[in-house]
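Student: I would like a close look at a single part of this structure, and then at what surrounds that part. Please go slowly and spell out the cut-offs behind each term.

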Amino acid sequence: MRSVRAALVAQPLLVAALALLVVAGGFAARGGVSWYDAAHDESAAYATERDNALSAGEQSVQNLNTLDHNRLERGLDLWESSTTGELHSQLVSGRAKFEEQVKQAKTVSTAKVLSGAVTELDERAGRARVLIALRVTVRAPGSKATDKDSRMLGELTRTKGHWKLSALGQAPVGDTSAD
């Protein structure tokens, strides 16, 4: 035992190296445990799914409020690819009549998402609800462009790993009358 002590006292660099090795091993072990915990954290997975639903909801609502009479077929195809369920069926069945109306009006509408939030998320059922605020600009021939801000409530359904809009409507606005 004395020879080991004597060797350690005589070799201070060896002692420092061993101490650093022990400390580094401790940090490596702690880092590995932290990484494993983060990789298997259900709240992180939930947050990722919420962000995916919000992104898809914002894009879908923007798609359904943007349409150019010059590129009508492309725009309506985008509407259909952004939707599922009853909303998709309604768009498909009313497409011909709507095409005719837009061609006559010769309008161009563009939407910009101002903000959005997921108000409900059920990962297991594959359903989410979003509230999206957007500004829609409509241009008609011979008229000045008009902007309209609105809030939309959308329901999303996960299909084949992707979120698609399955219902869309105006969000109710609170009563602004003075009492």
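Tutor: K160 counts as exposed, because its relative accessibility is 86% and the class begins over 50%, with buried meaning under 20% and partly exposed lying in between (1.4 Å probe, protein chains only). The model is a predicted one, in which local features need pLDDT of at least 70 and side-chain atom pairs count only at pLDDT 80 or more, while totals for chains, interfaces and linings use all residues. Residues are numbered from 1 along each chain as its sequence is written, and side-chain values use heavy atoms, with hydrogens and water left out.

K160 is found in the loop between β4 and β5, where helices (H or I, at least four residues) and strands (E, at least two) are DSSP runs numbered from the N terminus. The phi of K160 is near 50 degrees, which is a positive value in a residue other than glycine. The two strands on either side of this turn form a hairpin with two residues between them. Strand β4 (residues 146-159) runs antiparallel to β5, and eight bridges join the two; strands are said to pair if DSSP finds at least two bridges between them. One bridge is that of T159, whose partner in β5 is H162.

A positive phi also occurs at K106, a residue other than glycine, where the value is near 55 degrees. K106 is found in the loop between α6 and β2, and this residue counts as partly exposed at 45% relative accessibility.

Following β4 and β5 outward leads to the sheet, an open one of five strands in the order β1-β2-β3-β4-β5 with antiparallel pairing. The edges are taken by β1 (67-68) and β5 (162-170), each with a single partner strand, so one side of each is left without a neighbour in the sheet. β1 is joined by two bridges to strand β2 (residues 108-122), and these two run antiparallel; L67 stands opposite S109 in β2. Along the chain, from the N terminus on, the elements run α-α-α-β-α-α-α-β-β-β-β, which come to six helices and five strands.

The hairpin strand β4 is also tied to a helix through charge. Side chains of opposite charge can pair when their charged atoms come close, and here a salt bridge requires a side-chain nitrogen of Lys or Arg within 4 Å of a carboxyl oxygen of Asp or Glu. By this rule the count comes to ten salt bridges. One of them joins R158 to E49, with the closest N and O atoms 3.3 Å apart, and it links distant parts of the chain, since R158 is in strand β4 and E49 is in helix α3 (residues 42-64), 109 residues apart. R158 is partly exposed, with a relative accessible area of 29%, whereas E49 counts as buried at 16% relative accessibility.

Other salt bridges include the one between R129 and E120, whose side chains meet at 3.3 Å, N to O. R129 counts as partly exposed at 40% relative accessibility, and E120 counts as partly exposed at 45%. A further one pairs R50 with D51, the closest N and O atoms being 3.5 Å apart. In addition, D77, E80, R95 and E99 are linked in a network of salt bridges.

Aromatic rings offer another kind of link: rings of Phe, Tyr and Trp (its six-membered ring) pair if their centres lie within 6.5 Å, planes under 30 degrees apart counting as stacked, over 60 as edge-to-face and the rest as tilted. By this rule the count comes to one aromatic pair. W79 and F98 form this pair, which is tilted, with 5.3 Å from centre to centre and 40 degrees between the planes. W79 in helix α4 (residues 72-81) and F98 in helix α6 (residues 95-105) are 19 residues apart, and their pair links distant parts of the chain. W79 is buried, with a relative accessible area of 10%, while F98 is partly exposed at 30%. For the chain as a whole, buried residues make up 26% of the 179 residues.
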